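Here is a friendly walk through one protein chain. Have the sequence and the structure at hand as you read.

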Amino acid sequence: MPKTEDIQHSVLIVSASEQFDAIVKKTVKHYLTIDVKRSCALGRRSLLEKQYDLVLIQGPLQDESGEEFAMDVADQGGASVLLVAPQDVFEDVLEKVTDSGILVVPYPSPPGRIEKAIRLMIAIQNKMHLLRQKVQSVEEKMAELKTISRAKILLMEKKGMTEEEAHRFIGKQAMNAGVSRGYMAEEIIEDLQF
């Protein structure tokens, strides 16, 4: 299993500020993909073409404030979303988008606050990545057990074996062939199904 620092994230920055872009790029410089868009419309188009782990938005943008775009991204799931809002509307924006799971930071902010928020989002994405891997592993194991059970049932029905005999038969055949029990179960199902 990869270490969290080995996980490569893709980042979408939607901002009209080169200063904000520089802060983000400095914080995420070692990540695989960093795309920058200057409007929410271009950000939406990018999201149709590619999946991102982090979407960082500094509002307002030329075509909208960024709140609706941030909520759209959050509703799609998968990406962590940071919205940097002007200080004068920060509380209103925070109230509107927090329940969607969007992290909101005021701008201007004390030095380092945006970087810390981005690092927090990266940590969350790393944990989500590891959890997805564990879920996938469990799902694969469950599918293998289901296949083995189907093979056992076929061996019991077609060959008159007991469940214990079918279990041992699958294990022995897999060991002799040097394959997994799941693979051997698939072979048995294919042979006995018709």
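The report below goes from the sheet to the helices, then to the loops, the salt bridges and the surface.

## The model and its sheet

Please keep in mind that this is a predicted model. A good place to begin is the open sheet, which has 5 strands in the order S2-S1-S3-S4-S5, paired in parallel. S2 (33–37) and S5 are the edge strands, each with a single partner, so one side of each has no neighbour in the sheet. From one strand to the next, the twist averages 15 degrees.

Take a look at the pairing of S1 and S2, which is parallel and runs over 5 bridges. Within this part of the sheet, Leu12 stands opposite Asp35 in S2. Helix H2 packs on the sheet, where H2 touches S1, S2 and S3, and the direction of H2 makes about 160 degrees with that of S1. Helix H3 packs on the sheet as well, touching S1, S3 and S4, with its direction at about 170 degrees to that of S4.

## Helix H3 and what covers it

Which residues of H3 are buried? In this helix, spanning residues 67–76, they are Glu67, Phe69, Ala70, Met71, Val73 and Ala74. Their cover includes three strands, S1 (10–14), S3 (54–58) and S4 (80–86), along with two helices, H2 (40–49) and H4 (90–97).

Asp72, in contrast to the buried residues listed for H3, is partly exposed because its relative accessible area is 32%. After H3 comes Gly77, with a positive phi near 75 degrees. As background, most residues other than glycine have a negative phi.

## Two cis peptide bonds

Now for the loops. Between S3 and H3, the connecting loop holds Pro60, and the peptide bond from Gly59 to Pro60 is cis, with an omega near -10 degrees.

Another cis peptide bond joins Tyr107 and Pro108, with omega at about 5 degrees. Pro108 belongs to the loop between strand S5 (103–107) and H5. For context, most peptide bonds are trans.

## Salt bridges

How many salt bridges are there? The count comes to 9. One of them brings together the side chains of Arg44 and Asp72, at 2.8 Å from N to O. Since Arg44 is in helix H2 and Asp72 in helix H3, the pair ties together parts that are 28 residues apart in sequence. Arg44 counts as partly exposed because its relative accessibility is 28%. Both residues also belong to a salt-bridge network that links Arg44, Glu64 and Asp72.

Other salt bridges sit within a single helix. In H5, Glu144 and Lys141 are 3 residues apart, about one turn of the helix, and their closest N and O atoms are 3.2 Å apart in the salt bridge. Glu144 is partly exposed, with a relative accessible area of 22%, and Lys141 is partly exposed too, at 45%. In helix H6 (residues 163–177), Arg168 and Glu164 are 4 residues apart, so about one helical turn separates them. Their side chains meet in a salt bridge at 2.6 Å, N to O. Is each of these two partly exposed or exposed? Arg168 is partly exposed at 49% relative accessibility, whereas Glu164 is exposed because its relative accessible area is 53%, and the cut-off is 50%.

## A surface patch on the outside, and helix H1

Val138, Met142 and Leu145 form a nonpolar patch on the surface, and together they have about 280 Å² of accessible area. Leu145 is part of helix H5, which covers residues 113–159. With 40% relative accessibility, Leu145 counts as partly exposed.

Finally, consider Ile23, which lies in helix H1 (residues 18–27). What does Ile23 touch, leaving aside residues up to four places away in sequence? Ile23 touches Ile114 and Glu115. Leu131, on the other hand, is 108 residues from Ile23 in sequence and 29 Å away in space, C-alpha to C-alpha.

Notes
Residues numbered from 1 in each chain as written. Predicted model: local features only at pLDDT ≥ 70, side-chain atom pairs only at ≥ 80, totals over all residues. Heavy atoms only, no water. Patch = residues over 30% accessible without salt bridge, like charges linked within 9 Å, V, L, I, M, F, W, Y side chains within 5 Å. Areas by Shrake-Rupley, 256 points an atom, 1.4 Å probe, with all protein chains shown as cover. Salt bridge = Lys/Arg side-chain N within 4 Å of Asp/Glu carboxyl O. Buried < 20%, exposed > 50% of the residue type's maximum accessible area, 1.4 Å probe, protein only. Contact = heavy atoms within 4.5 Å. Pairing = 2+ DSSP bridges. Axes fitted to C-alpha atoms, helices over the stretch in contact; angles between N-to-C directions.
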